[in-house]
Amino acid sequence: MSLQKGSEEIASKVFWVGAKDRDRKLFDGLVQLPYGTSYNAYLILGSEKAALIDTVNPGFEKQLLANISEQIDPAKLDYVVMNHAEPDHANAAKDVLAVAKKAKLVTGAKGKELAMIYFDIPADRIMVVDENSKVSLGDKTLKFIDAPWLHWPETMFTYLEEDKILFPCDFFGSHLAVDQFYANEYGNEKTLDMARLYFAEIMMPFRKAGQAAIEKVKKLGLKMIAPSHGLIWREPKVILDEYTNWTEPKFQKKVMIAYISMWGSTEKMVLALADALKKRGTIFHMFDLTNTEIGQVAKELVDTPVVILGAPTVLGTAHPVAAYATMLIKTLRAPTVYLAVLTSHGWSGGAVRALQNMLEGTTIKLLDIVEVKGPPKKAEFDKLDVLAENITEKLNSLPHYS
Ligand code: FEO
C-alpha cells in the first residue's frame, strides 16, 4: 500500500485530507481500477467550529488523522459528517470520533441506523440532519441535500453555503489516484472518461434518483464539486452537463455489438451485420468479449440505445461470457431500448431462451433473433441484412439524441 501524505487547501479554510490508494486494483470485487482510487475527506475550519466531511477506507485511518493534524488537532473537531455509510467513506468515522471525544457524527435518519449497525457508533454521538437543517461553523454553514440511492438509500450531499462547494460523496466521482487534485489540471476529458466509467458501474442503475439530485444542485450556482473519489471539479458545469446527459439518458446514434464465438459461426454473423451496418453509414462499436474488460462494455451502455449480443449455445444454454454481459445489462439497468441476438448451435439451441429469461423484467424490446445450426449461410446473411436495415430505421426514429 503506497501512501501519499499531506493536506491540500482547495478553498479558503477548506482542506482535502483524504488518501490516494494507488495500489487498489478492484472495487466491490467487480470494478477494475486501472488508476487506483482515492478516498477524499475534507476538513472545514469555520471561525468557531471544525467539521470533517467523510472519512477514508479501512487501512488509511492513520493517514487521515495525520493529514487533519497538519491543520488542526483532530481532538478539536466538532463534527464528522457522514454523507454515505459505505465503509470506504465511513469506516474511519469511529477512529476520528474516538480521538475527537466531543464531536458528533452528522448524518440523516437512515445514516444513523447504518452508523449504529455497521460501526457501533452510540446514538448519543449522532446528530440527525435533514434538508431543513443548518450546521453553523461560525463564518461557514453546512446544509444537507437528500440524495437517496446515490449510492445507497441513506445517501445525502453536504453543501458549504458561503463557498458554494458541494460534497456529494460518490456522485460525480471517478476512480482515479493521480498526483493532481483537480479535473482541469489532470485534463477534463481524461477525467470525464473515468467519471463515465464510474457512472456506468456505480450510478447507472440509479438514473432517476440522479436526475432528482441534479435538479436540486443545479439551483445552487455551485463554484466547486468535491466528490469523495477522484478529482475535484472547479468547473462544475462540465460534470453537471455530462451527468445530465447520462442520467436522462441522451443517446448517441450508435449500436453496441458484444459477442463471443467458439468456432467462428457467431463471429461470421457479427461481422456480416457489421458490414451491413457500415454500408448504411450506421455507427457501431464492437466488443469481442474474450478480450474486453467488462467495464468498457458498461461504459458503452451509458448512451447506446441498440445492443447486439453474439452468443453461441454451450451445453444447452448461452455461452457463460455472453450470459455475464447480459446480466450486466440487466443488473446495471442499462438504458438499452432494443436488443437483438445472433446465435449458432451445434445440435440443440438454448442460448436464446437463456438470454430471454435473464432479461425478463426489463423494458428492453427484442428486435430480432438470428439463429443458425452450424455456420451461417445465405439465408442467415439475408436476415442480417434485413436486421441492419431495421436497426438503422429504429435508430433514426429514436428521440433524445445529444
Ligand atoms: Fe465510494 Fe458507495 O462508496
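**A tour of two pockets, a helix pair and two backbone details**

Select helix H9 (265–279), strand S20 (313–314) and strand S22 (338–345): each of these elements supplies at least two residues of the lining of the second largest pocket. The model on screen is predicted.

The volume of this second largest pocket is about 320 Å³. To find its centre, show Met-262, Trp-263, Thr-313, His-345 and Gly-346, which are the closest to it of the 17 lining residues. Colour the lining of the second largest pocket by residue class and eleven polar and six nonpolar residues appear, with no charged ones.

Next, move to the largest pocket, which holds about 400 Å³ of space. It is lined by 23 residues, and those closest to its centre are Arg-207, Arg-333, Ala-334, Pro-335 and Thr-363. Which helices should be selected here for supplying at least two residues each of the lining of the largest pocket? They are H7 (207–218) and H11 (320–331). H7 gives the most to this lining, namely three residues. By class, the lining of the largest pocket has eleven nonpolar, seven polar and five charged residues.

Now colour domain 1 (8–247) and domain 2 (255–391) separately. Where does the largest pocket lie relative to these domains? Both domains give residues to its lining, so the largest pocket lies between them.

Keep H11 selected and add helix H10, residues 294–301. Two packed helices are described by the angle between their axes and the distance between the axes. For H10 and H11, the axes come within 11 Å and cross at roughly 40°. An angle under 35 degrees would count as roughly parallel, and 65 to 115 as roughly perpendicular; H10 and H11 are therefore oblique to each other. Viewed for handedness, the crossing of H10 and H11 is right-handed.

The last two stops are in loops. Most residues other than glycine have a negative phi, and most peptide bonds are trans.

Go to the loop between helix H8 (236–247) and strand S17 (255–259), where Pro-249 lies. Is the peptide bond from Glu-248 to Pro-249 cis or trans? This bond is cis, with omega near -15°.

Finally, select Asp-54, in the loop between strand S8 (50–53) and helix H1 (61–69). Asp-54 is not a glycine, yet its phi is positive, at about 65°.

Technical notes. Residues are numbered from 1 along each chain as its sequence is written. This is a predicted model: local features need pLDDT of at least 70, side-chain atom pairs count only at pLDDT 80 or more; totals for chains, interfaces and linings use all residues. Side-chain values use heavy atoms; hydrogens and water are left out. On a 1 Å grid over the protein atoms alone, a cavity is a set of points where a 1.4 Å probe fits but cannot get out, and a pocket is an open set with protein on both sides within 12 Å along at least five of seven lines; lining residues have an atom within 4 Å of a point. Grid points are joined across faces, edges and corners, and a volume is the space filled by probe spheres set on the points. Helices (H or I, at least four residues) and strands (E, at least two) are DSSP runs, numbered from the N terminus. Ala, Val, Leu, Ile, Met, Phe, Trp, Tyr, Cys and Pro count as nonpolar, Asp, Glu, Lys and Arg as charged, and the others, Gly among them, as polar. Domain bounds come from an automatic or database domain assignment. Axes are lines fitted to C-alpha atoms, for helices over the stretch in contact, and angles run from 0 to 180 degrees between N-to-C directions. Angles under 35 degrees count as roughly parallel, over 145 as roughly antiparallel, 65 to 115 as roughly perpendicular and the rest as oblique. A crossing is left-handed if the near helix is turned anticlockwise from the far one by less than a right angle, and right-handed if clockwise.
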